[in-house]
Amino acid sequence: MTEQDLLAATRTAYDAVAARYAESIPERYRSSPLHHGMIGVFAELVTAFGDGDGLVADVGCGPGHVTAHLRSLGVTAFGVDLSPEMIAIARDAHPELRFEVGLMEALQVEDASLAGVLANYSIIHTPPERLPVMLAEFGRVLSPGAHLLLGFPAYDGPVEPAEAYDHATFPAYRYSPDRVAELLLAAGLTEVARLVVAPGEDPKRGFPGAFLLARRV
């Protein structure tokens, strides 16, 4: 499958489930503090960066619940998602916020213009060979000293950087936190903290969850 075919298939899959997703995912997010604990830290770092008015991209924003959470923490955030249906739902639910259809690996913002990028479980459909390209794009748009927060299902295999798994919507991957940290460094981003959630805290699949916080050099 070509990259364009993959994007089109992912878009179609999420358009089809957008309404059902929007009904369940925001509540799951709110009820799982371990899975958004690092977002408060990220928000503090963003609001302390520069003049405190910097812009943050919530990439793969889905129905906009995390973008809205960031705004409640004082962060000026906008959401980007591949799925037009997700963006329509986000705009309807949060008309005061900015949402746009777009690609995480080709953000429509200038170089070094953002105070932060959040990718909360939104890199999961990125094939391992494409992940360096996406991380390089995050590095491109971040100002020096700005922060990136990545959340993803983790994998501790000793050899491969990722492991594929069956996702309800579209084939997905869980990543080795150590390997992702290496790729971040290659993209000009230095890890400053990480949170790893134990497998037992995931009642659905039993996967550990990883949250890596990195700073643009």
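Tutor: Let's start with a term. A helix here is a DSSP run of H or I at least four residues in length, a strand is a run of E of at least two, and both are numbered from the N terminus. Please also keep in mind that this is a predicted model.

Student: Thanks! How many helices and strands does the secondary structure of the protein chain come to?

Tutor: The chain has 6 helices and 9 strands. Its radius of gyration is 16 Å, close to the 17 Å that the globule rule gives for 217 residues, so the chain is as compact as a globular protein of that length. Along the principal axes, the C-alpha trace spans about 45 × 40 × 35 Å.

Student: And what share of the residues of the protein chain count as buried?

Tutor: Of the 217 residues, 47% are buried. For that label, the relative accessible area has to be under 20%, while exposed means over 50%. The contacts tell you about the fold too: among those between residues at least 6 apart in sequence, 68% join residues at least 24 apart.

Student: Let me try one helix. Which residues are buried in α2?

Tutor: In α2, the buried set is M38, I39, F42, A43 and V46. To read such a list, look at where the residues point around the axis. These cover an arc of only 145°, which puts them on the same side of α2. The exposed residues E44 and A48 are on the other side of the helix.

Student: F42 is in that list. What is F42 in contact with, leaving aside its neighbours within four places in sequence?

Tutor: F42 lies in α2, residues 37–48, and counts as buried because its relative accessibility is 0%. Its contacts beyond those neighbours are V56, L70, G116, V117, L118, H147, L148, L149 and L213. For a sense of distance, take F42 and A8: they are 34 residues apart in sequence, and their C-alpha atoms are 31 Å apart in space.

Student: What happens just after α2?

Tutor: There, G50 takes a positive phi of about 60°. Another glycine, G188, has a positive phi of about 85° just after α6.

Student: Then α6 can be my next exercise. Which are the buried residues of helix α6?

Tutor: Helix α6, residues 177–186, buries P177, V180, A181 and L184. Their arc around the axis is only 105°, which places them on the same side of α6. L185 and A186 are exposed, on the face turned away from that buried side.

Student: What covers the buried residues of α6?

Tutor: The cover includes α5 together with the strands β5 (142–153), β7 (172–175), β8 (189–197) and β9 (209–216).

Student: Where is S176 found, and is it buried or exposed?

Tutor: S176 sits in the loop between β7 and α6. With 8% relative accessibility, S176 counts as buried. Setting aside residues up to four places away in sequence, S176 touches Y155 and P161.

Student: Back to phi. Why would I look twice at a positive value in a residue that is not a glycine?

Tutor: Because most residues other than glycine have a negative phi. Two cases here deserve a look. A112 has a positive phi of about 50°, and its place is in the loop between β3 (98–101) and β4 (114–120). Y121 has a positive phi of about 60°, and it lies in the loop between β4 and α5 (131–141).

Student: How accessible are A112 and Y121?

Tutor: A112 is partly exposed, with a relative accessible area of 39%. Y121 is also partly exposed, at 28% relative accessibility.

Student: Last topic: pockets. What is the general idea?

Tutor: A probe the size of a water molecule is rolled over the atoms, and this shows where empty space is left. In this model, the second largest pocket holds about 180 Å³ of space.

Student: Which residues line the second largest pocket?

Tutor: The lining is made of A22, P26, Y29, R30, H36, P63, H65, H69, I89, A93 and H94. The elements that give two or more residues to it are α1 (3–30), α3 (65–72) and α4 (84–93), and α1 gives the most, with 4 residues.

Student: How does the lining of the second largest pocket split by class?

Tutor: By class, the lining has 6 nonpolar, 4 polar and 1 charged residues.

Definitions and conventions
Residues are numbered from 1 along each chain as its sequence is written. This is a predicted model: local features need pLDDT of at least 70, side-chain atom pairs count only at pLDDT 80 or more; totals for chains, interfaces and linings use all residues. Side-chain values use heavy atoms; hydrogens and water are left out. Buried means under 20% relative accessible area, exposed over 50%, partly exposed in between (1.4 Å probe, protein chains only). The arc is that of the directions from the helix axis to the C-beta atoms. Contact means heavy atoms within 4.5 Å. On a 1 Å grid over the protein atoms alone, a cavity is a set of points where a 1.4 Å probe fits but cannot get out, and a pocket is an open set with protein on both sides within 12 Å along at least five of seven lines; lining residues have an atom within 4 Å of a point. Grid points are joined across faces, edges and corners, and a volume is the space filled by probe spheres set on the points. Ala, Val, Leu, Ile, Met, Phe, Trp, Tyr, Cys and Pro count as nonpolar, Asp, Glu, Lys and Arg as charged, and the others, Gly among them, as polar. The radius of gyration is taken over C-alpha atoms; the globule rule is 2.2 Å times the number of residues to the power 0.38.
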